[in-house]
Amino acid sequence: MATQIVQHAVKKPERKVTVGKSPTRLAFERFFRNPLAVAGVIVLSLIILVTIFAPFLTKFSPSTADIMNTDSPPTALHPLGTDASGFDNLARVLYGGRVDLTVAFAAAFMSMFLGTLYGGISGFFGGWVDNIMMRFVDIMLNFPFLILVLALESIFSVQGVWILVFVVGVTAWPGPARLMRGMFLQLREQDYVIGARTIGCSSWRIIFRHMLPNTLSFLIVLVSFSVASYVGLEAALSFLGLGVPLSVPSWGGMLNASTGYIQLTTEPYAWGPPMAMIVLTILSVNFIGDGLRDAFDPQSKA
Amino acid sequence: MSVAERQMDANHTPQSDILLELTGVKKYFPITGGVLRRTIGAVKAVDDISFTLRKGETLGLVGESGCGKSTTGRVIMKILDPTAGTIRFDGRDITKLSGRALREMRQDFQMVFQDPYSSLNPRMSVGALVAEPLIVNKKGTREQIRDEVERLLQVVGLSPEARLRFPHEFSGGQRQRIAIARALALKPKLIVADEAVSALDVSIQAQILNLLADLRKEFGLSYVFISHNLAVVKHVSDRVGVMYLGRMVELADKAKLYSQPLHPYTQALLSAAPEPKRNVTRDRIVLAGDVPSPANPPSGCAFHTRCPKVMDVCKSQRPELTAYGDGQLVACHLYA
């Protein structure tokens, strides 16, 4: 006993250094305590994994038709049947996610990037620069989106994933641009931004070190919500026949293929799964977005 | 005050002793209107102000909200460009300075803001915040900067380990200490403290004021101390300037200003401040009406609409800031 006490006394007290948690880290800790948001992350990860590992889940290719076996009901060979051209429905659901998710994420990041760049410049400089730039945004916001898709597709005479991404990206940026401009205008008057100037920071440093990091939480939330809306948009465009070509599998395209009265009533196995995938993706991304918003801004209990 | 010091009023101070000199500084904010956003008027936030600040001196600026004291601070800091007038710092005209030259010059004057909750970037650690002025101005290697940050944190009364934490983990007073450490990092000659303690609890205010006083002694700092709190200004200042509607109405040594205020506005302001001694009762001078709009200031003396001693000349002629008695500067026709 005695030796123990002596040992204890001799043992050097460890120098306790507490490292603080950054606001971003605190936000992610809050995020992972939100059950709905975590469920969203799990479901979305599953969907992404399924589309990535599609070749291991089905032996059929989504673009080679079994022309001797069209409109097949579910069988052991084709668990979700085949469509009118003889494509395996399961393979198309699994591979179709690639197009939908690529378009949604790529378009979201592209429009966010353009929007942040444009809105950031407009808000940072303010004055007449801001005035002119925002009038252009007003014009772009009123641009007929569908007509532009049609026009671009006929100009390039191609349909495809990247045309879709490009079109969504170049038409969707004005919304984020306007929001980011507001953020920058607000941040510009913050004491810590003015303070950064007084200690001699360059404009670049102020933008990248002081302003952008403080819009990051807002940006992440914006991206997550726009991903959800672009999944729906891809589905809607494909449904209208303005999306990717028929040979490329996509969820919206599958829905388009089952619009006939006969298919709707007799082949729920053909349109049910892609519809469920679209709904699940949008829901999970929305839950993630909600969770991020609450985590980054605990005061807003919207 | 010694005889020698008494003779050294603002007009007779040798040039080398003057750190900051403002001459006829104006700051007008344009008011735009109509579809074409044409300028239809101006808010005269600062309207023709001149004063000097000696090395090692603390000048207090007091006045009501909207009197232009903060704008004056921001013009000195070159956050705002003056509409007219010149600012000389350490013998150099900095009015037109911009770009690299301004950034070099800026190391010598730093600012402490009112609200320590908005003056520190919430996404940067305390270490990064205090190191930033050193990094931006390339003062030393990584190791040197880290040691310097730890030293600065100790100077302002925080533990060196604080550098690993984030602003949101600190109280208002501690944050203001961080902001002061950041301002001190470049070893400035002048610190503009814009309401530096008004956002803090009274007990913390005293701590920060004492810290500022200690730092002044240790580093030979000069302060422009902006506040609406007369007691705080009295505590820290050597000289005090009283502002009203963008103009300096009285500028004098602290002792004189508080014992025998000359300008009727200063008298009213002092009579409104709480008196700590219980048995002393004073005549309260209550001013009628509100402060007129700085977009449309009254003619002549800006104070004539509310002045209890108003005369005819006040309505037409603007009084100049002139010395009365032994160096007390006052802008009032009563003393002309």
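**Close-up 1. In this predicted model, helix H11(A) passes helix H14(A) in a left-handed crossing.** The two helices, H11 spanning residues 203-239 of chain A and H14 spanning residues 268-296 of chain A, have axes that come within 9 Å and cross at roughly 165°. Because angles over 145 degrees count as roughly antiparallel, that crossing makes H11(A) roughly antiparallel to H14(A). The residues that make the contact include Ser217(A), Ile220(A), Phe225(A) and Gly232(A) of H11(A), together with Ile278(A), Asn286(A), Gly289(A) and Phe296(A) of H14(A). By class, the residues of this contact of H11(A) with H14(A) comprise 13 nonpolar, six polar and one charged.

**Close-up 2. Domain 1 of chain B (3-108 + 188-335) and domain 2 of chain B (120-187) are shown where they touch.** The C-alpha centres of these two domains of chain B are 30 Å apart, and the contact draws twelve residues from domain 1 of chain B and twelve residues from domain 2 of chain B. On the side of domain 1 of chain B that touches domain 2 of chain B, helix H7 (residues 202-219) of chain B supplies the largest share, six residues. That side of domain 1 of chain B has ten nonpolar and two polar residues, with no charged residues.

**Close-up 3. The contact between chain A and chain B takes 21 residues from chain A and 27 residues from chain B.** On the side of chain B that touches chain A, two or more residues each come from helix H3 (99-106), strand S6 (109-112) and helix H4 (126-136) of chain B, and H4(B) gives the most, with three residues. The residues on this side of chain B divide into eleven nonpolar, eight polar and eight charged.

Definitions and conventions: Residues are numbered from 1 along each chain as its sequence is written. Chains are lettered from A and ligands numbered from 1 in the order in which they are written. This is a predicted model: local features need pLDDT of at least 70, side-chain atom pairs count only at pLDDT 80 or more; totals for chains, interfaces and linings use all residues. Two residues are in contact if their C-beta atoms, placed from the backbone, lie within 7 Å. Helices (H or I, at least four residues) and strands (E, at least two) are DSSP runs, numbered from the N terminus. Ala, Val, Leu, Ile, Met, Phe, Trp, Tyr, Cys and Pro count as nonpolar, Asp, Glu, Lys and Arg as charged, and the others, Gly among them, as polar. Axes are lines fitted to C-alpha atoms, for helices over the stretch in contact, and angles run from 0 to 180 degrees between N-to-C directions. Angles under 35 degrees count as roughly parallel, over 145 as roughly antiparallel, 65 to 115 as roughly perpendicular and the rest as oblique. A crossing is left-handed if the near helix is turned anticlockwise from the far one by less than a right angle, and right-handed if clockwise. Domain bounds come from an automatic or database domain assignment.
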